[in-house]
Amino acid sequence: LSWVNGPITLAAINPSLMNSKSSSATSGLAVLIAIKPGASLGGILAGNKLGTVKPAGSLSGVPYGKVQITACNTKPDTTPTFGAVVGHEAVLTPSLADLKAEINVLQGKAPALSGKASYRQLMGALPDTGFGYLYLDLPALIRAGSGTALNALGSAGTNPLGGSATTKGTVTDIAKEFGATGIATSAQANGLRLQGVQLMNVASSQSSMMVTPNKGATLLPSGTIFYLSLSNLSSVISAGLDTLTTASPSNKQTVAQLKVVFGNVLTLLNGEFALGVLPISPKDAASLAAGNIAGLPLAALINVASHPDAQTVLSTLFAALGGTSPELQFTTAKSPHGNTEYVNKSGYGYALIKGWIVASTSVKSVVSALEKVAYGGAPSMAAGSSYQMAAGSLAKHSAAVMFLDLTKLRQTLEGLMTGSAASNAQYARVRPLLVPFKALQAASSVENGGKTLRFDALLLIGK
């Protein structure tokens, strides 16, 4: 690759790429490579054994203006690829029409993507230190019309969920709320960082005010495998229900009924909502291996410190629903620290701990673990070095925060492995490649009055 002298760009320059009527599955793709002065496209392809170059005379319309177009059959495929060099840019594409369109852009005869307002806005909001960038114009794909994905949703014959024109319209209407997306990838001393910006065509005035306190991490024990914290889940759910109603008026009655039944419960969700998967013990692992989901130490945390009536609301709801399912009928017991646990026959249930509703698939073991943290004596997940290292690199004022302990996840999966000697030996060879990946943390925020979504992720890598 001594002939490469700058960025390599992959672009989908034609919306027909997503169109079921497209004559070629790869039409619309183009590769742009900054090359050194004097490098010829034919020499590059032949010298690197990437394909067999055809004589230029075998193509109609060659040359195109003052640019010489080359064609080759790329190995192992026999489909021709067309290429040209314009200045210090080499262009390769399977479509001669797309190649000519790109030549016009490089020669300044047609507008470039860099002049588009959404592109300028996104690139201006992203760091200029990235080694890779992605731009996705979602509205352009939607405007392409009959994309195969949307057609599948609108065809009952191809959609296993029973698609319809209404379904297709709902998906399209929801998708139209999203604008273009930009992502930058950069390297840091402690790992890889992914930063992105999503432009929104429909803003939410409430969303811009949502910032999670991110206190759930202080209640979960050290060694927690997965953690997610959201702010004001009730607003998120209400916005989602409103979107469904707007997209399809036929949903209006169903949504109204849901709000009547669960309206009081939704008010409890206006604080922080957190989700955690606690460390999985050998006993839990054996239970999961036997197909018992109650062995999964899953905890849902809802901060209801501002709702003294939380227990009454839940008791009223479950009393009303208890006749419809035995799974919603609970017995009470006392936790090690005197909190009341509500447990069904399968071990599911909930309890209140220091202003938090704790719901779990394994309520007794989860409550016991959380109480050891809440009342002292056990370290929290928030005190862990991996969590603190990742949290210190991401934005502090986020609407959502996610943490995945890849080391704990790997160790847990290794404990569940019951494969053959051959498969275990194969994993042993791959394992050294997985060990350096320590954790993944991500955060997202809402800015500009709900017109901009920003997300940030860090993959921690170490010895």
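A residue counts as buried when its relative accessible area is under 20%. Keep that cut-off in mind on this tour of a predicted model.

**Stop 1: the cores**

Start inside the protein. Select Leu-220, Tyr-227, Leu-301, Leu-370, Met-381 and Tyr-387: these residues have the most contacts inside the largest nonpolar core, which has 26 residues. Next, colour the elements that give two or more residues to this core: β12 (298-303), β15 (349-353), β16 (356-360), α11 (363-374), α12 (385-391) and β19 (452-461). Helix α11 supplies the largest share, 5 residues.

Then turn to another core, which lies apart from that one and has 16 residues. Val-265, Ala-310, Val-313 and Tyr-350 are among its members.

**Stop 2: the aromatic rings**

The model has 5 aromatic pairs. Select Tyr-227 and Tyr-387. Are their rings stacked or edge-to-face? The ring centres are 6.4 Å apart and the planes stand at 70°, so the pair is edge-to-face. Tyr-227 sits in strand β10 (residues 226-231) and Tyr-387 in helix α12, so the pair ties together parts that are 160 residues apart in sequence.

Is Tyr-227 buried or exposed? Its relative accessibility is 0%, so Tyr-227 counts as buried. Tyr-387, at 6%, is also buried. Add Phe-403 to the selection: Tyr-227, Tyr-387 and Phe-403 form one aromatic cluster.

Now move to Tyr-342 and Tyr-350, an aromatic pair that is stacked. Their centres are 4.7 Å apart, with 5° between the planes. Tyr-350 belongs to the core of 16 residues and is buried at 5% relative accessibility. Tyr-342 has 18% relative accessibility, and because the cut-off for buried is under 20%, Tyr-342 counts as buried too.

**Stop 3: a surface patch**

Switch to a surface view and select Phe-131, Leu-192, Phe-437 and Ile-461. These residues form a nonpolar patch on the surface, and together they have about 350 Å² of accessible area. Ile-461 lies in strand β19, one of the elements that give two or more residues to the largest core. Ile-461 itself is partly exposed, with a relative accessible area of 34%.

**Stop 4: the salt bridges**

Side chains of opposite charge can pair when their charged atoms come close. This model has 6 salt bridges.

Select Lys-116 and Asp-137, whose side chains meet in a salt bridge at 2.2 Å, N to O. Lys-116 is in the loop between α2 (96-106) and α3 (117-125), and Asp-137 is in the loop between β7 (132-136) and α4 (138-143), so the pair ties together parts that are 21 residues apart in sequence. Lys-116 is partly exposed at 33% relative accessibility, whereas Asp-137 is buried at 14%.

Go on to Lys-364 and Glu-341, a salt bridge of 3.0 Å, N to O. This pair links distant parts of the chain, with Lys-364 in helix α11 and Glu-341 in strand β14 (residues 340-343), 23 residues apart. Which ends of the accessibility scale do they take? Lys-364 is partly exposed, with a relative accessible area of 45%, and Glu-341 is buried, with 2%.

The next pair is Arg-454 and Glu-447, with the closest N and O atoms 3.2 Å apart. Arg-454 is partly exposed at 28% relative accessibility, and Glu-447 is partly exposed at 31%.

For the last selection, take Arg-410, Glu-414 and Arg-431, which are linked in a network of salt bridges.

Technical notes. Residues are numbered from 1 along each chain as its sequence is written. This is a predicted model: local features need pLDDT of at least 70, side-chain atom pairs count only at pLDDT 80 or more; totals for chains, interfaces and linings use all residues. Side-chain values use heavy atoms; hydrogens and water are left out. A nonpolar core is a set of buried Ala, Val, Leu, Ile, Met, Phe, Trp, Tyr and Cys residues joined through side-chain atoms within 4.5 Å. Buried means under 20% relative accessible area, exposed over 50%, partly exposed in between (1.4 Å probe, protein chains only). Helices (H or I, at least four residues) and strands (E, at least two) are DSSP runs, numbered from the N terminus. Rings of Phe, Tyr and Trp (its six-membered ring) pair if their centres lie within 6.5 Å; planes under 30 degrees apart count as stacked, over 60 as edge-to-face and the rest as tilted. Patches are made of residues with over 30% relative accessible area and no salt bridge: like charges are joined within 9 Å, nonpolar side chains (Val, Leu, Ile, Met, Phe, Trp, Tyr) within 5 Å. Accessible areas come from the Shrake-Rupley method with a 1.4 Å probe; for residues, only the protein chains shown count as cover. A salt bridge is a side-chain nitrogen of Lys or Arg within 4 Å of a carboxyl oxygen of Asp or Glu.
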